[in-house]
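These are my notebook entries on one protein model. I set down what I looked up, entry by entry.

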Amino acid sequence: MTTQAVSATPQIRLALPARDALFWPISALALALTLHLLIATQRAINWDEFWHYSQIHSQLAGQLRAPLQTLHASLFGWVPSLPGDSIDHLIVLRLVMLLCLAITAGATMLVAEKFVGKTAGFFAALLYLSANFVIENGTSFRADPMAAAGLMASLALLVRGNLTTATTLAAGLCAGFAAAVTIKSVLFAPAFAGIGWWLLATRPDARETVLKLTGFAVCALACFAALYLWHSSGMADGSDAAAKGTVSRSWENMLGFDDLPYLWHNAMGAVSSPFFAFTLVAALVLLWHSRNSRPRAESIAIAGLIAPILSVFFYHNTAPYFHVFILAPVAAGSAIAVPLICKRYGARLFALLLAGSALTSWTMSERGVLQNQQALVTAADAIFPEPVAYFDFPGMLGSYPKANGFITVMGMRRYLSGNEPSLVETMRQQTVPLVIENEALLSDALRITGNDPMLFDEDVAALRENYVHFWGLFWLAGRDIDPADREYATEFLVPGPYTVRDNPIAIDGQVHQPGDVVTIERGSYMLSAPVGMARLLWGDKLEPPPYDPPKGRYWTPF
């Protein structure tokens with residue numbers, strides 16, 4: 001009997017990296033950045049982003065008058081010259097915000113690493129990038145990603161740069177840039193104060209440290225002043241007064257303990273980012289219990305990094321996108337709890353939990369809304385041969401001149417207090433042929449919805465008298481004339497060419513046939529439709545797009 005040898009099949013075993021290997025937080029970071037990239041290209045444009053983009057066009061047209069909070073209008077003046085429409089341009093701007101987000105995460109890692117080591121540094125960056133509101137808003141075109149990048153880069157340079165002349169001046173430039181982007185950069189003051197105290201306590205030459213920190217502050221102020229002068233130099237008259245008004249309104253309306261409209265959102269932010277919240281609480285407990293064993297200066301520095309989170313209790317505008325700005329130093333300070341968490345649960349499990357949290361936030365992000373917004377912008381370009389002035393909520397047609405202010409809480413306060421022109425006043429000064437019904441407030445004014453319109457009665461009357469529904473969210477200046485109304489008087493506040501449609505129309509007794517284009521000036525006219533329902537529509541034979549408006553939402557809620 002012949003015996004045949006049977007060769008054993010070799011088994012290949014893939015060994016996972018060790019429980020506490022850096023592979024885990026680094027891999028989770030790569031996933032988080034990938035999710036941010038997907039959000040940047042897929043998530044609906046928020047109303048703030050449309051407003052910021054419209055300010056770029058206002059600056060290019062020489063019409064912007066607010067030199068504070070609008071540095072982006074000068075920094076990104078090159079974007080409108082790129083191919084594509086405003087949605088395409090906003091995607092490009094989001095990619096720039098993604099770069100800012102990466103800088104913020106890297107700086108957060110460097111700050112945390114200085115106090116608690118490399119692994120905790122990577123986790124600090126991961127805590128920041130995986131937070132729910134940061135996932136959803138981290139690449140939005142706003143001041144927050146830019147300011148966070150400048151401020152965290154400044155802190156990292158101070159902490160890691162050994163206060164050399166070059167790094168100190170670079171830190172000043174970064175801080176000055178952030179302040180020029182938004183004056184709310186002052187909310188990082190506790191973090192800078194804590195790091196400054198730590199530097200004074202740990203460096204051997206206190207006098208040299210004071211001089212270096214003074215040089216940092218002077219450089220920051222000089223950078224802020226230089227950027228302010230550069231940005232404001234091309235603005236319309238009245239920019240200085242506008243800057244004073246911005247500071248005054250920010251001080252009066254943005255600080256206080258009695259009006260916190262986003263406090264519930266902040267609570268939901270903690271609930272939707274449970275592992276960040278857990279780490280923050282663990283860090284606070286650890287900081288308290290180690291107050292006698294940890295060097296006092298280090299405790300002050302870490303407390304200073306965490307302290308900006310308290311701004312949610314006195315700063316009013318803490319909408320979810322604010323977390324992109326405020327959470328970076330908090331993540332750096334909270335990293336002191338990471339070694340204990342990893343010791344108990346392992347870096348692998350902690351990284352997987354944070355990655356899973358980020359993935360959950362991305363999965364729950366609403367889809368399809370961006371396409372609706374794109375269709376609206378494309379339709380406007382198809383309808384109008386040239387951009388026209390319009391009323392709307394945020395400035396949704398960035399390259400078109402927006403004729404009213406931004407309809408936010410602060411914007412409505414200015415409007416109702418008389419610090420902003422009424423719609424009727426605007427209509428008497430410029431030609432505004434278009435209204436975009438992209439806010440409930442405008443729907444209440446244009447339609448009989450049963451809700452009391454929040455606009456002045458004269459503005460509601462002017463909108464209802466001067467505009468007719470045209471396509472989708474678009475309302476165009478015009479009149480729908482019912483023969484049953486016989487001849488009636490109406491005041492036109494939108495001058496220009498008007499096209500007669502459907503049936504003949506008598507204007508001041510003169511009959512015009514369908515297809516006729518009639519020039520209408522501001523003032524009162526007598527109208528009638530002798531034969532049947534007729535429409536008088538602004539523009540020279542403007543036509544709606546040959547397709548139905550998109551169904552569904554045009555905004556994604558916070």
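The entries below go from the overall model to single residues.

**Entry 1. Confidence and overall form**

I began with the status of the coordinates: this is a predicted model. I looked up the confidence and found a mean pLDDT of 91 for the protein, with 93% of its residues at 70 or more. I then asked where confidence is lowest and where it is highest. The lowest mean, 54, belongs to helix α11 (residues 239-254), while strand β2 (residues 434-436) has the highest, at 98. I noted for myself that predicted coordinates should not be read in detail where pLDDT is low.

For the fold elements, I recorded 22 helices and eleven strands. The C-alpha trace spans about 100 × 95 × 40 Å along its principal axes. Of the 558 residues in the protein, 54% are buried.

**Entry 2. Salt bridges**

I searched the whole structure for salt bridges and obtained 15. I examined several of them individually.

I took the pair Arg160 and Glu113 to begin with; their closest N and O atoms are 3.8 Å apart. Arg160 lies in helix α7 (residues 143-160) and Glu113 in helix α4 (residues 86-116), so this salt bridge ties together parts that are 47 residues apart in sequence. I also looked up the accessibility of Arg160, which is partly exposed at 33%.

I turned next to Lys212 and Glu208, whose side chains meet in a salt bridge with an N to O distance of 3.6 Å. How are these two residues placed in helix α10? They are four residues apart in that helix (residues 206-232), so about one helical turn separates them. I set beside this the general rule that an α-helix has 3.6 residues a turn, so residues three or four places apart point the same way. Lys212 counts as buried, at 18% relative accessibility, whereas Glu208 counts as partly exposed, at 32%. The pair also belongs to a network of salt bridges that links Arg203, Glu208 and Lys212.

I then checked Glu298 and Arg294, which form a salt bridge with 2.9 Å between the closest N and O atoms. Are the two partners buried or exposed? Glu298 is buried at 16% relative accessibility, and Arg294 is buried at 15%.

**Entry 3. Cysteines**

I searched the whole structure for disulfides and found zero. I asked why Cys219 has no such bond. The closest cysteine sulfur to that of Cys219 is in Cys223, 6.6 Å away, and this is too far for a bond; the cut-off applied is 2.5 Å. I looked up burial as well: Cys219 is buried, with a relative accessible area of 14%, and Cys342 is buried at 8%.

**Entry 4. A buried polar side chain**

I located Gln55 in helix α2 (residues 47-60). Its relative accessibility of 9% makes Gln55 buried. Which side chain does the side chain of Gln55 contact? I found a polar contact with the side chain of His72, at 2.8 Å.

**Entry 5. A nonpolar surface patch**

I looked for nonpolar area at the surface and recorded a patch of about 360 Å². Phe278, Tyr345, Leu349 and Leu353 make this patch. I followed Phe278 further and placed it in helix α13 (residues 274-289). Phe278 is partly exposed, with a relative accessible area of 44%.

**Entry 6. Helix α19 and positive phi values**

I listed the buried residues of helix α19 (residues 409-416), which are Met410, Gly411, Met412 and Tyr415. Just after α19, I noted a positive phi of about 85° at Gly418.

I then looked at positive phi in residues that are not glycine. I kept in mind that most residues other than glycine have a negative phi. Asp508 has a positive phi of about 50° although it is not a glycine. I found Asp508 in the loop between β7 (505-507) and β8 (510-512), and its relative accessible area of 48% makes Asp508 partly exposed.

Lys541 is another residue other than glycine with a positive phi, near 55°. I placed Lys541 in the segment after β11 (534-538). Lys541 is partly exposed, with a relative accessible area of 46%.

Methods
Residues numbered from 1 in each chain as written. Predicted model: local features only at pLDDT ≥ 70, side-chain atom pairs only at ≥ 80, totals over all residues. Heavy atoms only, no water. Patch = residues over 30% accessible without salt bridge, like charges linked within 9 Å, V, L, I, M, F, W, Y side chains within 5 Å. Areas by Shrake-Rupley, 256 points an atom, 1.4 Å probe, with all protein chains shown as cover. Salt bridge = Lys/Arg side-chain N within 4 Å of Asp/Glu carboxyl O. Buried < 20%, exposed > 50% of the residue type's maximum accessible area, 1.4 Å probe, protein only. pLDDT = per-residue confidence, 0-100. Polar contact = N/O pair within 3.5 Å; in protein donor to acceptor, adjacent residues only side chain to side chain.
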